[in-house]
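Here are my notes on this one, written as numbered points. Have the coordinates open while you read.

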Amino acid sequence: MATSVLSINGLRKRFGATEVLKGLNLEVIPGAIHGLVGLNGSGKTTTMECVLGMQTFHDGEIRIMGRDPLQLWQGGGDVVGIFDNPAIHQHLTVRQVLEHARLLCPQPCRSASEVERLLGISSYSNYRIKQLSLGNRRRVSIAHALLGQPAFIVMDEPFNGLDAGGVEDVLALILKLNREEGSSFLLSSHQLAYLERICTHISILHQGRISRSGQLKELVSTQQLQLTIVCDRPEAAQAFLAHHTKAEDLTIDSAGRLTLKLENMQAAEINRLLVNGGFAVSELGAKTQDLSQIFHDSLTGRAL
Ligand SMILES: Nc1ncnc2c1ncn2[C@@H]1O[C@H](COP(=O)(O)OP(=O)(O)OP(=O)(O)O)[C@@H](O)[C@H]1O
């Protein structure tokens, strides 16, 4: 087994004069659920299309399951791509589409009825694709990809067009395939809160490169603590903290509350420091950053 299911080195891709990917590096390790996040137009779909051999690129190297993207067919269906806008024949029924796809699947290991059940679309089996809602069309495209037993699944915007129940189904399905069958995932999405629930790793794509990448739990734990403090003599406490810590954005709001951001210090240490410094602390609120704040900081050049 390759040490990475996907490794991208120095990927460059231009459309006309516009360079969308400017030397992108990314690694997905076996067993990972790796989220790729970025603003609209940052190049997530382009990256995924290059990975799956659907786009040529100008420079760099991609190895997917140890192979060149143009040799993906040699893997007998071990890699599948699921895109936002699936091209499925509109006049066929769900069952016909799935039976047909099963004939083309190099190593089918699930029946059409089984994947319908997995995606909760059994009751739509005899519906034509054109009669389905967008969310159910997306379920069919996911069902389609699960007829085999892919080791690596690339999904572009897997939650688009799904209602809350559909999102929960897809989240549960990704976790099930990852835990029970060991499938690795590369997922792109704008819905950071969903990614935060399932991803083991996150990479942020910004200005043609990966600006941050790592295990989600490490990205979150090394982030700044945001503190709100109510104490006596807030101006003096502000000067005290500026002198004794590496606090950033140390401000006093209109209600006299101190707010600040800190790395590598716990709320209890700040409390102890202030009390030992002679301040009476009546309130101390602390929160760590979530993925959307990490994303925002990465885009605005903080913590890069
Ligand atoms: N075939 C194409 N021809 C010209 N420009 C293209 C083509 N495909 C993509 N682009 C441009 O490349 C850039 C990246 O597009 P891409 O679809 O990869 O971004 P994205 O991050 O997936 O965006 P979104 O989140 O909106 O789906 C955009 O500026 C887009 O207009």
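**Notes on the model**

1. Starting with one pair in a sheet: I252 has L258 of β12 as its bridge partner. Strand β12 covers residues 258-262, and three bridges join it to β11, with the two running antiparallel. Strands here are DSSP E runs of at least two residues, helices are H or I runs of at least four, and both are numbered from the N terminus; two strands count as paired if DSSP finds at least two bridges between them.

2. Before going further, the ground rules. This is a predicted model, with residues numbered from 1 along each chain as its sequence is written. Local features need pLDDT of at least 70 and side-chain atom pairs need 80 or more, while totals for chains, interfaces and linings use all residues, and side-chain values use heavy atoms, with hydrogens and water left out.

3. Back to that sheet: it is open, has four strands in the order β11-β12-β10-β13, and pairs antiparallel. The edge strands, β11 (248-252) and β13 (281-288), each pair on one side only. Twist averages 15 degrees from one strand to the next (axes are lines fitted to C-alpha atoms, and angles run from 0 to 180 degrees between N-to-C directions).

4. There's also an open sheet of three strands, ordered β2-β1-β4 and antiparallel. Since β2 (18-28) and β4 (59-64) each have a single partner strand, one side of each is left without a neighbour in the sheet. The twist here averages 25 degrees from one strand to the next. Eight bridges join β1 to β2, and F15 stands opposite T18 in β2.

5. F15 also turns up around the ligand, along with V20, L39, N40, G41, S42, G43, K44, T45, T46 and H190 (a heavy atom within 4 Å counts). Helix α1 (residues 44-51) gives the largest share of this shell, three residues. By class, the shell has three nonpolar, seven polar and one charged residues, with Gly counted as polar.

6. Which atoms sit by the ligand's oxygens? Polar side-chain atoms of T46 and T45 lie 2.5 Å and 2.8 Å from a ligand oxygen, respectively, and a backbone N or O atom of G43 lies 2.9 Å from one. Taken alone the ligand exposes 630 Å², and the protein buries 55% of that (Shrake-Rupley, 1.4 Å probe).

7. On confidence, mean pLDDT (per residue, 0 to 100) is 88, and 95% of residues reach 70 or more. Among the elements, helix α10 (residues 291-299) has the lowest mean, 77, and strand β1 (residues 6-15) the highest, 97. The predictor gives the complex an ipTM of 0.97 and a pTM of 0.79.

Note on methods
A polar contact is a pair of N or O atoms within 3.5 Å; within protein, one must be able to donate a hydrogen and the other to accept it, and residues adjacent in sequence count only if both atoms are side-chain atoms. pLDDT is the predictor's confidence in each residue, from 0 to 100.
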